[in-house]
Structures are given as C-alpha cells and as structure tokens.
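Dear colleague,

I am handing over the structure we spoke about, and I would be glad if you kept it open while you read the notes that follow.

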Amino acid sequence: MAPAVFADLSILVERFEVGPGHGLAEFKEAWQQMEFGRIFSTQKLAGRVPGTDETHEEYIVLLLRAATAHLCPKRYPQFEHRLGGIFLVWMLHATQPLEPKVPVRVDAVDWANLEALARECEQRQQDAREDLRERARCDEGETRGEEQLALDARREREISRPEDLGLRRPSGQPRPPPR
C-alpha cells in the first residue's frame with residue numbers, strides 16, 4: 001500500500017484519540033469528516049506501489065491487516081488509540097463494498113491484543129460505574145437515580161469482548177475462562 005494510505009489510517013485513529021469523546025459516534029464523525037469511505041478506491045488510485053493485479057478482496061485484507069496494527073499495546077500504549085483501532089477495523093469491515101464481507105483475519109498475537117483491550121474496557125467500565133456511584137452519593141443538591149446511573153454506565157460501554165464485534169478466535173486458540 002502507498003504510504004499515504006497508511007498515513008490516512010493513522011490520522012483517522014489519531015484524530016479520534018485526541019478528540020473530546022471516545023465512543024463509536026465520535027469515531028464515525030471523524031470517519032465522515034475525512035470521507036473515509038473512499039479508502040476502498042485507493043487500490044486503483046494510489047493504494048499499491050507499484051500497481052498489482054490483486055483482487056478487491058485481497059486489497060481489503062491488506063487494509064484490515066494495516067488497521068489491526070493499531071491494536072498493539074506495545075506500539076500504541078494509549079487506550080484511546082487502541083479503541084480507535086478496533087473502531088477502525090470494525091468500520092472497514094462494516095463499510096466494505098463486497099458481499100459477502102471479507103472476514104477480519106486475526107492471528108494469536110492480534111487475538112491477545114483484542115483480549116487485553118477487552119479487559120481494559122471492562123476495567124474502565126467498572127471504574128466509571130464506581131465513579132458515577134460516588135458522584136451520586138456526593139451530590140447533595142441533586143440525586144441521581146439508579147436509572148440514570150445505568151444509562152451513564154451504558155454510555156461508557158462500547159465494546160466488552162472481541163466477539164461482540166464479530167471477530168472470531170483464531171483456530172487452535174483456547175477459550176478464556178468464564179468471568
């Protein structure tokens with residue numbers, strides 16, 4: 001792929017990372033602002049140097065592989081960046097122009113990165129719920145009901161497990177113990 005395509009993937013995730021919110025809605029907004037759906041046309045416009053005779057499916061596989069690189073905690077320690085990475089993978093998969101959709105292929109390292117991100121999401125959700133409860137207790141003038149706490153907690157939750165995004169465990173990978 002052309003360096004510009006890699007750069008566009010990174011720019012999108014970085015815009016999300018430094019943005020004011022970190023939900024899927026904010027990611028979609030950044031996606032739309034960059035008109036990112038056009039990424040699929042880069043195969044013929046500037047995607048491959050030199051041009052190759054790969055199929056559209058093979059090019060989408062390359063895009064998805066480049067996107068999964070944004071899930072690596074050693075390369076991208078910021079949680080918000082890796083969250084943007086999973087949103088990038090999901091949006092590329094969801095908006096690809098092929099039917100049936102090209103599956104997201106993950107190897108054991110990618111799967112471990114996804115599970116680490118899922119654990120971090122769960123911990124952050126738990127911390128956010130505890131913060132909300134504490135704020136509700138400290139709020140003397142305004143009492144927040146359990147309904148509002150549940151709504152706030154739901155807003156904090158975007159993903160909890162890789163399987164929730166339609167990603168499948170690589171063959172031979174053992175299932176984690178139930179929580």
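A residue to begin with is His93, which is partly exposed, because its relative accessible area is 25% and a residue has to fall under 20% to count as buried. Please keep in mind throughout that this is a predicted model. His93 belongs to helix 5, and, when its neighbours within four places in sequence are left aside, His93 is in contact with Leu64, Lys101, Val102, Pro103 and Val104. For one of these partners there is also a distance to look at: the C-alpha atoms of His93 and Val104 are 7.1 Å apart in space, while the two residues are 11 places apart in sequence.

His93 leads on to Gln96, since the backbone oxygen of His93 lies 3.2 Å from a polar atom in the side chain of Gln96. Is Gln96 buried or exposed? Gln96 is buried, because its relative accessible area is 2%, and you will find Gln96 in the loop between helix 5 (79–95) and helix 6 (108–138). Not counting residues up to four places away in sequence, Gln96 touches Phe40, Ile60, Lys101 and Val102. Lys101 and Val102 are thus among the residues touched by Gln96, and they are also among the contacts of His93.

The loop between helix 5 and helix 6 also holds Pro100, and the peptide bond that joins Glu99 to Pro100 is cis, with an omega of about -5°.

Next come the helix pairs, beginning with the one to which His93 contributes. The axes of helix 4 (residues 56–68) and helix 5 come within 8 Å and cross at roughly 165°. Helix 4 is therefore roughly antiparallel to helix 5, because angles over 145 degrees are counted in that way. Helix 4 passes helix 5 in a left-handed crossing, and in the contact Leu63, Leu64, Ala67 and Thr68 of helix 4 meet Gly85, Leu88, Val89, Leu92 and His93 of helix 5. By class, the residues of this contact between helix 4 and helix 5 divide into six nonpolar, three polar and no charged.

Helix 4 also meets helix 1 (residues 3–18), and the axes of these two helices come within 10 Å and cross at roughly 50°. Helix 1 and helix 4 are therefore oblique to each other, and their crossing is right-handed. On the side of helix 1 the contact is made by Val5, Phe6 and Leu9, which meet Tyr59, Leu63, Ala66 and Ala67 in helix 4. The residues of the contact of helix 1 with helix 4 are seven nonpolar, with no polar and no charged ones. Leu63 and Ala67 are worth finding on your screen, since both take part in the contact of helix 4 with helix 1 and both also take part in the contact of helix 4 with helix 5.

How do helix 5 and helix 6 pack, and at what angle? Their axes are 11 Å apart and the angle is about 120°, and helix 5 and helix 6 are therefore oblique to each other. The crossing of helix 5 and helix 6 is left-handed. Here Phe79, Glu80, Arg82, Leu83 and Ile86 of helix 5 meet Leu114, Leu117, Glu120, Cys121 and Arg124 of helix 6. The contact of helix 5 with helix 6 has six nonpolar and four charged residues, but no polar ones.

Three further residues deserve a look, and the first of them lies in helix 1. Asp8 is a residue of helix 1, and Asp8 is partly exposed, because its relative accessible area is 30%. Apart from residues up to four places away in sequence, Asp8 touches Met34 and Phe36, and the C-alpha atoms of Asp8 and Ile39, which are 31 residues apart along the chain, are separated by 8.6 Å.

Ala30 is found in helix 2 (residues 24–33), and Ala30 is buried, because its relative accessible area is 7%. Ala30 and Arg15 are 15 residues apart in sequence, and their C-alpha atoms are 6.9 Å apart in space.

Glu35, finally, is found in the loop between helix 2 and helix 3 (42–47). Glu35 has a positive phi of about 50°, although Glu35 is not a glycine, and with a relative accessibility of 44% Glu35 counts as partly exposed.

With best wishes

Definitions and conventions
Residues are numbered from 1 along each chain as its sequence is written. This is a predicted model: local features need pLDDT of at least 70, side-chain atom pairs count only at pLDDT 80 or more; totals for chains, interfaces and linings use all residues. Side-chain values use heavy atoms; hydrogens and water are left out. Axes are lines fitted to C-alpha atoms, for helices over the stretch in contact, and angles run from 0 to 180 degrees between N-to-C directions. Helices (H or I, at least four residues) and strands (E, at least two) are DSSP runs, numbered from the N terminus. Angles under 35 degrees count as roughly parallel, over 145 as roughly antiparallel, 65 to 115 as roughly perpendicular and the rest as oblique. A crossing is left-handed if the near helix is turned anticlockwise from the far one by less than a right angle, and right-handed if clockwise. Contact means heavy atoms within 4.5 Å. Ala, Val, Leu, Ile, Met, Phe, Trp, Tyr, Cys and Pro count as nonpolar, Asp, Glu, Lys and Arg as charged, and the others, Gly among them, as polar. Buried means under 20% relative accessible area, exposed over 50%, partly exposed in between (1.4 Å probe, protein chains only). A polar contact is a pair of N or O atoms within 3.5 Å; within protein, one must be able to donate a hydrogen and the other to accept it, and residues adjacent in sequence count only if both atoms are side-chain atoms.
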